[in-house]
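Subject: Structure handover

Hello,

Here is the structure I promised to pass on. Please open it first, then read my notes below.

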Amino acid sequence: MISKDTSNNTDTAHSEATVPTAIVTGASRGIGRAIALRLAADGFRVVVNYAGNAASARDVVDAISAAGGQAMSVQADVSVAEDVQRLFAMTQQAYGQISAVVHSAGMMTMNAIAPENIDAFDRVIQTNLRGAFLVLGQAAADLQTGGRIVALSSSVIAKSFPQYGPYIAAKAGVEGLVRVLANELRGRSVTVNAVAPGPVATELFFEGKSKEQITQLSKLAPLERLGQPEDIANVVAFLVGADGGWVNGQVVRANGGFA
Ligand code: NDP
């Protein structure tokens, strides 16, 4: 499914030929949404990917259009190879070359490491690790010279909290993929990095937690607040922007000192 911004936008900072394009996976909500809005404000044409929430994705496209930017939404499940191929193909068809890919799509469940939780483990690995492998792999195949790839990891890796086994296993895998891909892209002038947030005020964080747990987790960082999606978008914007070009193969822990 595709919904394209049809506004006739002639008052942009770049000519059509030089406007860079970014794909943001999981951009219908939360951190991905903030990243999409920020990259659009920074002059990117943005492809707003989502899994099932078409109305939220449309809202993001509308917000970008209302602010004078260009965007379209594309449904694709990042854990399905054909969907990821279609996401990139539709982007190239609509906007030409791809300059940046930000892989924010993800999910979380809390499950102990126990035999009965193998299905939950498979689901988290499927979305968060297989999804990252597919999106990073397609980005490696399609990105133009000088492109930027950013994947979302998590600072919770350092905490090893009970019940976080499947999630931490997947995100540790993502950090491995990022470092390896930076090496595999030698000679292409493409950077590959991860941003690892601490707790951020989104549905993914709030779901299934009591008020007490939320307050406790909010106070763990020395800065004593939850991260906001914009805190993370700021870091991603740096990594894909002109000033971030010398950062490569790194995991940037953006967490208020949580880890
Ligand atoms: P949200 O739950 O707020 O948003 C999740 C987004 O991912 C939605 O846009 C959703 O689309 C999309 N999505 C989920 N599954 C798929 C899929 N299979 N294919 C395509 N899109 C999918 O999560 P956050 O914004 O909080 O999380 C974003 C990233 O940041 C994740 O990778 C997460 O692990 C990471 N992170 C988050 C932290 C936090 O505290 N919030 C902390 C550390 C890391 P739809 O709306 O269609 O369902």
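How far does a polar side-chain atom of Ser 28 lie from an oxygen atom of the ligand? The distance is 2.6 Å. Bear in mind that this is a predicted model, and every value here is computed from it.

Ligand contacts

Two backbone contacts go with the one from Ser 28. A backbone N or O atom of Ala 51 is 2.9 Å from an oxygen atom of the ligand. At Gly 26, a polar backbone atom is 3.2 Å from a ligand oxygen. On its own, the ligand exposes 900 Å². The protein buries 93% of that area.

The shell around the ligand

There are 31 residues around the ligand. Those that come nearest are Ser 28, Ile 31, Gly 52, Tyr 167 and Thr 202. Sorted by class, the shell holds 14 nonpolar, 13 polar and four charged residues. Four elements give two or more residues to this shell: α1 (30-41), β3 (45-50), α5 (165-184) and α6 (203-206). Which element gives the largest share? That is α6, with three residues.

The largest pocket

Where does the ligand sit? The answer is the largest pocket. This pocket holds about 1000 Å³ of space. Its lining counts 43 residues. Nearest the pocket centre are Gly 106, Met 107, Met 108, Thr 202 and Leu 204. Thr 202 is also among the residues that come nearest to the ligand. The lining takes at least two residues from each of α1, β3, α5 and α6. By class, 21 lining residues are nonpolar, 16 are polar and six are charged.

Cavities

Now the enclosed space. How many cavities of 30 Å³ or more does the structure hold? There are two. The largest cavity has a volume of about 40 Å³. Its lining is made up of His 103, Ser 104, Ala 105, Asn 128, Leu 152, Lys 171 and Val 174. By class, that gives three nonpolar, three polar and one charged.

For a quick look, start with Ser 28 and its 2.6 Å contact to the ligand. Then go to the backbone contacts of Ala 51 and Gly 26. After that, turn to the lining of the largest pocket, with Met 107 and Met 108 among the residues nearest its centre.

Best wishes

Notes: Residues numbered from 1 in each chain as written. Predicted model: local features only at pLDDT ≥ 70, side-chain atom pairs only at ≥ 80, totals over all residues. Heavy atoms only, no water. Near = heavy atom within 4 Å. Polar contact = N/O pair within 3.5 Å; in protein donor to acceptor, adjacent residues only side chain to side chain. Areas by Shrake-Rupley, 256 points an atom, 1.4 Å probe, with all protein chains shown as cover. 1 Å grid on protein atoms, 1.4 Å probe; cavity = no way out; pocket = protein on both sides within 12 Å on 5 of 7 lines; lining within 4 Å. Sits in = over half its atoms within 2 Å of the grid points. Nonpolar A, V, L, I, M, F, W, Y, C, P; charged D, E, K, R; others polar. Points joined across faces, edges and corners; volume = space filled by probe spheres on them.
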